[in-house]
Structure formats: structure tokens, C-alpha cells
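Visitor: I would like a close look at one part of this model. Please take me through its salt bridges, pair by pair.

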Amino acid sequence: MSPGAGFPGGGFQVDGRAMALEQMHSYLLDKLRQNPEKPVILRTDPGATYGNMIAVFDDLRMLEEDQNKGKSETDAKFKINISIPTRREIENIWSMLGVS
């Protein structure tokens with residue numbers, strides 16, 4: 001699952017679909033409930049602002065906090081595994097997949 005952390009025009013994509021930042025919560029919650037170990041990979045467009053990536057990162061952390069409200073210390077905590085790959089890591093992945 002890969003939310004694009006912003007594009008030059010300020011838009012966002014999740015799993016290849018245009019999506020407003022506000023829409024990501026329910027979409028990602030559904031995905032993470034199916035597979036809680038699945039990483040959320042933030043990949044930014046080179047022309048996007050740094051602020052867009054931070055907005056997505058902050059939003060994911062707030063989602064995590066919201067899901068853990070009211071849980072006791074012994075309750076299992078909702079955890080989002082966030083990954084921010086480097087450009088080299090992204091290029092290596094595409095290369096391994098045979099995509100140019």
C-alpha cells in the first residue's frame with residue numbers, strides 16, 4: 001500500500017488512485033485491518049513539497065493515536081508500519097520488477 005506523499009499540484013495518490021488526504025483514513029484502516037503487518041510506503045514525487053510528505057506522515061500518526069485512544073496498557077496497540085524509501089531503493093525495486 002503506497003500513499004504518494006504529494007504531487008506537484010498538491011494532490012495525493014493511494015494505490016494509484018487520486019485521493020484527498022481526508023479520505024485516506026478509512027481506506028487505509030480497511031487495508032490495515034485485513035493485514036496489520038502491511039507497511040504503508042510513502043513515496044513522494046520529486047516535484048512535490050516537503051510539507052505534503054510531512055502532512056501525510058502526521059496524518060498517519062494521528063490515525064494511529066485515534067485508534068489507540070481508550071486502550072489500556074495491556075491492550076494490543078494499533079501500529080502503522082511507515083516506510084519512506086530513498087530514490088535509490090525505489091529504483092532498485094523497479095529494476096528488480098523489470099520496470100524501466
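Guide: Here is a walk through the salt bridges, followed by the nonpolar core. Keep in mind that this is a predicted model. The count comes to 3 salt bridges.

Start with D15 and K31. Their side chains meet in a salt bridge, 3.9 Å from N to O. This pair links distant parts of the chain, 16 residues apart. D15 sits in the loop between strand 2 (13–14) and strand 3 (17–18), while K31 belongs to helix 1. D15 has a relative accessible area of 32%, so it counts as partly exposed. K31 is partly exposed too, at 28%.

Next come R61 and E64. Their closest N and O atoms are 3.0 Å apart. Both lie in helix 2, and because they are 3 residues apart, about one helical turn separates them. E64 is buried, with a relative accessible area of 11%; the cut-off for buried is under 20%. R61 is partly exposed at 25%.

The remaining pair is D66 and K69. Here the closest N and O atoms are 3.4 Å apart. K69 is exposed, at 62% relative accessibility. D66 is partly exposed, with 40%.

Now the core. The largest nonpolar core has 18 residues. Among those with the most contacts inside it are V14, L28 and L60. Helix 1 (24–34) and helix 2 (50–68) each give two or more residues to this core. The largest share, 5 residues, comes from helix 1. Helix 1 also holds K31, the partner of D15.

How values were computed:
Residues are numbered from 1 along each chain as its sequence is written. This is a predicted model: local features need pLDDT of at least 70, side-chain atom pairs count only at pLDDT 80 or more; totals for chains, interfaces and linings use all residues. Side-chain values use heavy atoms; hydrogens and water are left out. A nonpolar core is a set of buried Ala, Val, Leu, Ile, Met, Phe, Trp, Tyr and Cys residues joined through side-chain atoms within 4.5 Å. Buried means under 20% relative accessible area, exposed over 50%, partly exposed in between (1.4 Å probe, protein chains only). Helices (H or I, at least four residues) and strands (E, at least two) are DSSP runs, numbered from the N terminus. A salt bridge is a side-chain nitrogen of Lys or Arg within 4 Å of a carboxyl oxygen of Asp or Glu.
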